[in-house]
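Me: I'd like a close look at one part of this model, namely how a pair of helices sits together. Here is what I'm looking at.

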Amino acid sequence: MTQKHNYPQLIEIFDRCFYHDFQTRLIKGDDEPIYLPADESVDYHRVVFAHGYYASALHEISHWCIAGAERRKQVDFGYWYCPDGRDAQTQSQFESVEIKPQALEWMFCVAAGFPFNVSCDNLSGDCEPDRIAFQRRVHAQVMTYLEQGIPPRPARFIAELRTYYSMPPLTASQFPWPEDL
């Protein structure tokens with residue numbers, strides 16, 4: 001994490017973007033990330049990211065930006081998740097559901113001037129993920145968003161990040177083809 005990028009900035013930006021309209025806050029967690037809907041003890045929704053890591057916050061925000069209204073009423077959006085240690089078939093399923101979130105995360109990183117690293121998230125698995133092939137799929141989704149339009153919540157967040165960090169509008173040239181990395 002650089003001096004320029006720290007998690008309190010993201011908390012401030014996220015609150016400004018989403019608290020009023022969505023009663024949702026970005027929260028620094030101590031351990032694993034999780035999404036918690038409002039309940040009897042807390043009257044707002046919480047996007048909890050791991051250990052104060054800037055990249056974790058951006059990734060969890062990307063999942064929140066994809067989740068629809070009904071999903072946002074469920075712990076962790078009611079999504080399937082299989083932890084590190086996946087076999088080849090389960091890794092393939094994991095990567096399929098991670099394409100859109102990681103595409104948004106990459107866009108958030110560029111909007112903030114922060115480095116992006118695609119994550120196959122399977123360090124202990126019995127298969128070696130093909131990071132380049134996965135990043136190509138993520139790249140294709142970024143290009144689709146740029147060509148067809150970014151959905152409203154991530155577009156709002158990207159605009160706020162760009163303003164805060166004084167970054168230019170997003171263009172395809174800011175997202176290199178994975179072989180060029």
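Are helix 1 and helix 2 roughly parallel or roughly antiparallel to each other? Please walk me through that part and whatever packs around it.

Reply: Keep in mind that this is a predicted model. Helix 1 covers residues 7-22 and helix 2 covers residues 54-66, and their axes come within 10 Å and cross at roughly 20°. An angle under 35 degrees counts as roughly parallel, so helix 1 and helix 2 are roughly parallel to each other. As for the hand of it, helix 1 passes helix 2 in a left-handed crossing.

Now for the side chains in between. From helix 1, the residues that take part are Tyr7, Gln9, Leu10, Phe14, Phe18 and Phe22, and they meet Tyr54, Ala57, Leu58, Ile61 and Trp64 of helix 2. Sorted by class, that contact has 10 nonpolar residues, 1 polar residue and no charged ones.

Some of those aromatics deserve a second look. Phe14, Phe18, Phe22 and Trp64 belong to one aromatic cluster, together with Phe108 and Phe157. Over the whole structure, a search finds 15 aromatic pairs. One of them is Phe18 with Phe22, an edge-to-face pair with 6.0 Å from centre to centre and 65° between the planes. Phe18 and Phe22 are 4 residues apart in helix 1, so about one helical turn separates them. Phe18 has 0% relative accessibility and therefore counts as buried.

Helix 2 has another partner too. Helix 5 (residues 152-165) packs against helix 2 at an angle of about 150°, with the axes 9 Å apart. That angle makes helix 2 roughly antiparallel to helix 5. On the helix 2 side, the contact uses Tyr54, Leu58, Ile61, Trp64, Cys65 and Ile66, while helix 5 brings Arg153, Pro154, Phe157 and Tyr165. By class, there are 9 nonpolar residues, no polar ones and 1 charged residue in the contact of helix 2 with helix 5. If you compare the lists, Tyr54, Leu58, Ile61 and Trp64 turn up in the contact with helix 1 and again in the one with helix 5.

While you're on helix 2, try Ser62, which is found there as well. With 0% relative accessibility, Ser62 counts as buried. Setting aside neighbours within four places in sequence, Ser62 is in contact with Pro101, Leu104, Glu105 and Phe108. Phe108 is the residue you met above as a member of the aromatic cluster.

One more stop, just off the helices: His5 lies in the segment before helix 1. His5 counts as buried, because its relative accessibility is 3%. Leaving out neighbours within four places in sequence, His5 is in contact with Tyr54, Ala112, Gly113, Phe114 and Tyr165. His5 and Gly113 are 108 residues apart in sequence, yet 8.7 Å apart in space, C-alpha to C-alpha. Tyr54 and Tyr165 also figure in the contact of helix 2 with helix 5.

To place this part in the whole, the protein has 5 helices and 3 strands, and the pattern along the sequence reads α-β-β-β-α-α-α-α. Of its 181 residues, 42% are buried. Take the contacts between residues at least 6 apart in sequence: 63% of them join residues at least 24 apart.

Definitions and conventions:
Residues are numbered from 1 along each chain as its sequence is written. This is a predicted model: local features need pLDDT of at least 70, side-chain atom pairs count only at pLDDT 80 or more; totals for chains, interfaces and linings use all residues. Side-chain values use heavy atoms; hydrogens and water are left out. Axes are lines fitted to C-alpha atoms, for helices over the stretch in contact, and angles run from 0 to 180 degrees between N-to-C directions. Helices (H or I, at least four residues) and strands (E, at least two) are DSSP runs, numbered from the N terminus. Angles under 35 degrees count as roughly parallel, over 145 as roughly antiparallel, 65 to 115 as roughly perpendicular and the rest as oblique. A crossing is left-handed if the near helix is turned anticlockwise from the far one by less than a right angle, and right-handed if clockwise. Contact means heavy atoms within 4.5 Å. Ala, Val, Leu, Ile, Met, Phe, Trp, Tyr, Cys and Pro count as nonpolar, Asp, Glu, Lys and Arg as charged, and the others, Gly among them, as polar. Rings of Phe, Tyr and Trp (its six-membered ring) pair if their centres lie within 6.5 Å; planes under 30 degrees apart count as stacked, over 60 as edge-to-face and the rest as tilted. Buried means under 20% relative accessible area, exposed over 50%, partly exposed in between (1.4 Å probe, protein chains only).
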